[in-house]
Each structure stands twice: as structure tokens, then as C-alpha cells.
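Student: I have a chain open and want to go through its fold. Can you take my questions as they come?

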Amino acid sequence: MLEEIISVKHLPGVKMLSAKHELIAGLPEISSKISFLPFINFLKEKLPAVSETIAGYYNYLIKKFEAEPDLLNYVEDFHLLDENADMLELLGTALFPAVGEHEKNSFALAVPYKQQVFYYSDYFRKLFLDKEETCLLLPEGIPTDRLKAIQCSMIYENILEKFYGINLNESPELVYPVTDSKTGLWRYFRIRYDARFIDVHLKGKLPPIQDCAVCLNTFRILDIET
């Protein structure tokens, strides 16, 4: 029944857009891959605690993605995303509200901890992409050192929660100042990562927490050398 109600069609034109190279050249190299397996695992974990109706929808999504096993592995070929643009639309509908002011719903699917996006809402495109839709914009004038500190802080936040059970008392975010076209006033937008769908894998031996750049009294990240 749900298969008949929810009908998706192929939507060509998925793009992998990055920030300009000169703006991110000084950032740390991160081994980061796209996979939709964390999303599917998230749905499976939620199944026992949701209603029968929601469980039916979750099972529908799980079935759709498990029918495309390449999406559950590491996506190396970005053409695979374009071939499955309908799945990205389905994912976006599941993750972000379908009601309210749809034209102001700003979201994007991105490569974890890299300045790259591959699926985004119209409002996100208007705010954070250039007019030609060829690159991801960063806050004007942001120093590379500041960008690096934010990126490292986001990674620290995810690692500390997963491997040490520490929840930080701060949430590092990029803040974009944007001029409102109607009022001429400044508006500020924060870019927030949803770490629930980012899986971190340990390489080597886990270091003692005392060696990490976190104050264990305040649970705040110490100054990060750049």
C-alpha cells in the first residue's frame, strides 16, 4: 500500500559542489566517505519505540535503500548519487519537515566534515551557493585558521561522544551573515551538522582522555593550535 502512495521518480542533476580550493587548501585532510548505512541503522534502532504507522514508513525506507546495496557501502563514484537522485529526494523528505514554509526549509546532504554538498533544498541553494551553482560559499572573510578550528572542533565533538561518552558544553558551528533582500538588514544563519548519521571509525589505539584537548572540568574544547 505504501509503495502505491509514495511514488518517486528519477531526478537528474545531482551535483557534488565544494568550496573554492584556495579557501580550504589549508584544512586538514579528512578520510571521509558517503554512506547511507548510518541512516538505515538509525531507522532500525527506532523501530521498537515508534507507532505501527511510523514503523511501516521506516520499513518502507529501509526496504528501498537495502534494495540499492551500493548506497550502503562507501560511495566512491559520485555518478551513483545522480543515478539514485530519487532516493536522495526520499531521504530529504524523511529527514526534514514536509510542512510549514517549505520555501524557507534550508538543508543539505554533505560529505562529513568536508566543505562538500551533493543534495540541497532550494533555500539552501539561494543562501549558500554561488549564482552559477558551481561552488559552496563560505562566510565572507573567514580566516582559514578559524575554519580549521571549527572543523576540528566538530570532529572532536563526535569522537568524544562516541569513544569517551563525553558531551561537550559547546557546539561549534559556522555562522553566515546574509543581507535580507527585502529589508536590507543582516540575518545570521548557523550551519549545524547532524552527527547521528556520521559514523567514526577508530584507527590504531584509543589514546587516554587526559591527552585530549578538552577541559574535564568544564567539558569545553581547549584552544586548538592552528
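Tutor: What follows is a short run through the overall make-up, one sheet, one helix and a surface patch.

Student: What kind of model is it, and how are residues numbered?

Tutor: This is a predicted model, in which local features need pLDDT of at least 70 and side-chain atom pairs count only at pLDDT 80 or more, while totals for chains, interfaces and linings use all residues. Residues are numbered from 1 along each chain as its sequence is written, and side-chain values use heavy atoms, with hydrogens and water left out.

Student: How many helices and strands are there in the protein?

Tutor: The protein has eight helices and seven strands. Helices (H or I, at least four residues) and strands (E, at least two) are DSSP runs, numbered from the N terminus.

Student: And what share of the residues counts as buried?

Tutor: Of the 226 residues, 36% count as buried. Buried means under 20% relative accessible area, exposed means over 50%, and partly exposed is in between (1.4 Å probe, protein chains only).

Student: How much area does the protein expose?

Tutor: About 14400 Å², with carbon and sulfur atoms supplying 52% of it. Accessible areas come from the Shrake-Rupley method with a 1.4 Å probe, and for residues only the protein chains shown count as cover.

Student: What about contacts far apart in sequence?

Tutor: Among contacts with a separation of 6 or more, 62% are between residues 24 or more positions apart. Contact means heavy atoms within 4.5 Å.

Student: Now the sheet. What is the strand order in the open sheet of three strands?

Tutor: The order is β1-β3-β2, with antiparallel pairing. The edge strands are β1 and β2, each of which pairs on one side only. Two strands pair if DSSP finds at least two bridges between them.

Student: How many bridges on each side of β3?

Tutor: β1 (residues 17–18) and β3 pair over two bridges, and three bridges join β2 to β3. On the β1 side, S18 stands opposite Q116 in β3. On the β2 side, A108 has Y120 in β3 as its bridge partner.

Student: Is β3 mostly covered or open?

Tutor: Mostly covered: five of its five residues are buried.

Student: What links β2 and β3?

Tutor: β2 and β3 form a hairpin with five residues between them. Y113 sits in that loop, and has a positive phi of about 60° although it is not a glycine. Y113 is also buried, because its relative accessible area is 8%.

Student: Where is Q115, and what does it touch?

Tutor: Q115 is in the loop between β2 (108–110) and β3 (116–120). Not counting residues up to four places away in sequence, Q115 touches L17, S18, A19, I24, L27, L136, L138, L147 and L174. Q115 counts as buried because its relative accessible area is 13%.

Student: Switching to α8. How far does it reach?

Tutor: α8 (residues 144–164) has 21 residues and reaches 29 Å from its first C-alpha to its last, close to the 30 Å expected at 1.5 Å a residue. The expected span of a helix is 1.5 Å times one less than its number of residues.

Student: Which residues in α8 are buried?

Tutor: The buried residues in α8 are L147, A149, I150, Q151, C152, S153, M154, I155, N158 and L160.

Student: What comes just before and after α8?

Tutor: Ahead of α8, the loop from α7 (122–128) holds E133, a residue other than glycine with a positive phi near 55°. After α8 comes G165, whose phi is positive, near 70°.

Student: Last topic: which residues make the nonpolar surface patch?

Tutor: V175, W186 and Y188 make a patch of about 370 Å². Patches are made of residues with over 30% relative accessible area and no salt bridge, where like charges are joined within 9 Å and nonpolar side chains (Val, Leu, Ile, Met, Phe, Trp, Tyr) within 5 Å. A salt bridge is a side-chain nitrogen of Lys or Arg within 4 Å of a carboxyl oxygen of Asp or Glu.

Student: Where does V175 lie?

Tutor: V175 lies in strand β4 (residues 174–179), and counts as partly exposed because its relative accessible area is 39%.

Student: And T179, what does that touch?

Tutor: T179, also found in β4, touches G184, L185 and W186, not counting residues up to four places away in sequence. T179 and L127 are 52 residues apart in sequence and 9.9 Å apart in space, C-alpha to C-alpha.
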